[in-house]
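Subject: A structure for you to look at

Hello,

Here is the structure I promised to pass on to you. Have a look at it first, and then read my notes below with the model open beside you.

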Amino acid sequence: MIVYATRTGNVRYIVSQLTTDAIELTADLQVDVRYLLITYTDGLGNIPAKVEQFMKHNHNLCQGVVVSGNSNFGHHVFGGAGDKLSQMYHIPLVRKLDLRGNQKDYDAIQSFYESRVKG
Ligand SMILES: Cc1cc2nc3c(=O)[nH]c(=O)nc-3n(C[C@H](O)[C@H](O)[C@H](O)COP(=O)(O)O)c2cc1C
């Protein structure tokens, strides 16, 4: 399962390039299967509030995080939500994508999903 958060649609597009079950996250969603989290970055390298709330009660089944950001924000905050979530919950940062990313990113995510999340 993929659980994702999107505001302007880039993450939804990324998910559409993958062959997996996917569900859009809400702050109070409860997930009971292993999943990969895909999120965007907010503020200055921050975790979106709804993702922060969701992870408080669902982090134990999260196998990894993929983040989308905008590299124009600069190296220190680019995709910062992914760095923060990875550190907070000791989960691998699978991939950092610039906006919608590219086919190489989708292949890497799909491969991680098949080997570490599915099943
Ligand atoms: C208000 C605002 C703040 C943002 N802050 C950051 C940031 O600090 N770092 C970053 O890498 N991207 C930042 N972004 C870019 C988004 O994370 C990026 O466009 C992402 O692809 C959006 O995904 P979505 O279309 O699924 O919502 C910001 C975007 C907005 C609108």
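Helix α3 lies across β3, β4 and β5, and its direction makes about 160 degrees with that of β4. Helix α4, residues 103–117, packs on the sheet as well, where it touches β3, β4 and β5. The angle between the directions of α4 and β5 is about 160 degrees. Please keep in mind while you look around that this is a predicted model.

Now try following the chain through α3, which covers residues 80–89. Which residues of this helix are buried? They are Gly 80, Ala 81, Gly 82, Asp 83 and Leu 85. The elements that cover them include the strands β3 (35–40), β4 and β5 (93–98), along with the helix α2 (49–58). Just past the end of α3 you will find His 90, which has a positive phi of about 55 degrees.

Next, the sheet that these helices meet. It is an open sheet of five strands with parallel pairing, and the order is β2-β1-β3-β4-β5. Which strands are at the edges? Those are β2 (22–24) and β5, each of which pairs on one side only. From one strand to the next, the twist averages 20 degrees.

You can check the pairing strand by strand. β3 and β4 run parallel and are joined by six bridges; one to look for is between Ile 38 and its partner in β4, Val 66. β4 also runs parallel to β5, with five bridges joining the two. Here Gly 69 has Asp 98 of β5 as its bridge partner. If you trace β4, α3 and β5 in turn, you will see that they make a right-handed β-α-β unit.

Finally, the ligand. How many residues are around it? There are 21, and those that come nearest are Thr 6, Asn 10, Val 11, Tyr 40 and Gly 69. So you meet Gly 69 again here, the residue whose bridge partner is Asp 98. Both α1 (10–16) and β4 (62–69) supply at least two residues of the shell around the ligand. By character, the shell divides into 12 polar, seven nonpolar and two charged residues.

Enjoy exploring, and do write back with any questions!

Best wishes

Methods:
Residues numbered from 1 in each chain as written. Predicted model: local features only at pLDDT ≥ 70, side-chain atom pairs only at ≥ 80, totals over all residues. Near = placed C-beta within 6 Å. Helix = DSSP H or I, 4+ residues; strand = E, 2+ residues; numbered from the N terminus. Nonpolar A, V, L, I, M, F, W, Y, C, P; charged D, E, K, R; others polar. Buried ≥ 20, exposed ≤ 12 C-beta atoms within 10 Å, placed from the backbone. Contact = placed C-beta atoms within 7 Å. Pairing = 2+ DSSP bridges. Right-handed = clockwise from strand over helix to strand, strands pointing away. Axes fitted to C-alpha atoms, helices over the stretch in contact; angles between N-to-C directions.
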